[in-house]
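Thanks for making the time this morning. I would like to walk through one structure with you, going from individual contacts to the overall fold.

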Amino acid sequence: QCLGRMWLWGEFHRLSAAVRRSRMSNPDFQRNYFELFDLPVGYALDEEKLGTRYRKLQRELHPDRFAGGSAHEQRLAVQYSSLVNEAYATLRKPLPRALYLLEIAGMGAETIAGQPLDGGFLMQQMELREKLEDMEDLVDPETALDHLVTEIGEDVEALQQQFSRAYSAQEMTAAASACVKMQYLDKLLREAEQLESRLLD
């Protein structure tokens, strides 16, 4: 996948030349997702600028614009448009953005996943999961679930702040640990949302 991205960055120089009205610079293969959207590398993000740049790139590189081009240009436009979508999906949400920041800092998925978790956090996760599993047996599960989702959301925000501070200080081990905890809570939050859908049905 990495080699595929490098090839796309290199080929984009030629493709962008075919977009005569395009004013964007020609990225090279060394650019990362942040540079693609003209954003500084960091956890804090200008979401408005991200969205504006995304829409601009999609207009300039939409495959329909190359319908009259060669098969190679059409194929490249589809691949580059897909890459832009992948980059946007990665940066727009806090957890994928955090994981990507660790990736470009040289920390692999196995290293991140292997970060040790303290007993207190694991105990908290067990308690939250027990609450979630017992939720449907309560007299007013909807209200209890709202409180639980709020509690999880507050924990997620606290971990996002921890990640941001650790990353800014280049304390990558602490940043990775916060990121793993965010993954645990993200999974729990998605399960809570699924339960909410069942209760509403």
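Lys131 and Glu151 form a salt bridge, with their closest N and O atoms 3.6 Å apart, and please keep in mind throughout that this is a predicted model. The pair ties together distant parts of the chain, since Lys131 belongs to helix H7 and Glu151 to helix H8, with their positions 20 residues apart in the count, that is, 20 residues apart. Both partners are intermediate in their accessibility: Lys131 is partly exposed because its relative accessible area is 42%, and Glu151 likewise counts as partly exposed because its value is 28%.

How many salt bridges does a search of the whole structure find? There are seven, and I will take two others from that set.

One of them joins Asp38 to Arg53, and here the closest N and O atoms are 3.7 Å apart. This pair, too, links distant parts of the chain, with Asp38 in the loop between H2 and H3 and Arg53 in helix H3, 15 residues apart. Is Arg53 buried or exposed? With a relative accessible area of 9%, Arg53 falls under the 20% limit and is therefore buried, whereas Asp38, at 40%, counts as partly exposed. Asp38 also deserves a look at its backbone, for its phi is near 55 degrees, which is a positive value in a residue other than glycine. The loop that holds Asp38 runs between helix H2, residues 33-36, and helix H3, residues 47-61.

The other salt bridge stays inside one helix: Glu60 pairs with Lys56, the closest N and O atoms being 2.7 Å apart, and both residues lie in helix H3, four residues apart, or about one turn of the helix. Glu60 counts as buried because its relative accessibility is 8%, while Lys56, with 26%, is partly exposed.

Staying with helix H3, we also find Gln58 there, and its side chain makes a polar contact of 3.0 Å with the side chain of Asn85. Gln58 has a relative accessible area of 16%, so it is classed as buried.

Thr90 sits in helix H4, which covers residues 71-92, and Thr90 counts as buried because its relative accessibility is 15%. Thr90 and Tyr100 are ten residues apart in sequence, and their C-alpha atoms are 7.3 Å apart in space.

Let me turn now to the surface. Which residues gather in a patch of negative charge? They are Glu127, Glu130, Glu133, Asp134 and Asp137. Of these, Asp137 is in the loop between helix H7, residues 119-133, and H8, and Asp137 is exposed because its relative accessible area is 68%.

A second positive phi outside glycine occurs at Gln170, where the angle is near 60 degrees. Gln170 is placed in the loop between helix H8, residues 141-168, and helix H9, residues 172-200. Gln170 counts as exposed because its relative accessibility is 53%.

Finally, the overall picture. The secondary structure comes to nine helices and zero strands, so that, in the order of the sequence, the pattern reads α-α-α-α-α-α-α-α-α. Of the 201 residues in the chain, 37% are buried.

Key
Residues numbered from 1 in each chain as written. Predicted model: local features only at pLDDT ≥ 70, side-chain atom pairs only at ≥ 80, totals over all residues. Heavy atoms only, no water. Helix = DSSP H or I, 4+ residues; strand = E, 2+ residues; numbered from the N terminus. Buried < 20%, exposed > 50% of the residue type's maximum accessible area, 1.4 Å probe, protein only. Patch = residues over 30% accessible without salt bridge, like charges linked within 9 Å, V, L, I, M, F, W, Y side chains within 5 Å. Areas by Shrake-Rupley, 256 points an atom, 1.4 Å probe, with all protein chains shown as cover. Salt bridge = Lys/Arg side-chain N within 4 Å of Asp/Glu carboxyl O. Lys, Arg positive; Asp, Glu negative; His and termini not counted. Charge placed at Lys NZ, Arg CZ, Asp CG, Glu CD. Polar contact = N/O pair within 3.5 Å; in protein donor to acceptor, adjacent residues only side chain to side chain.
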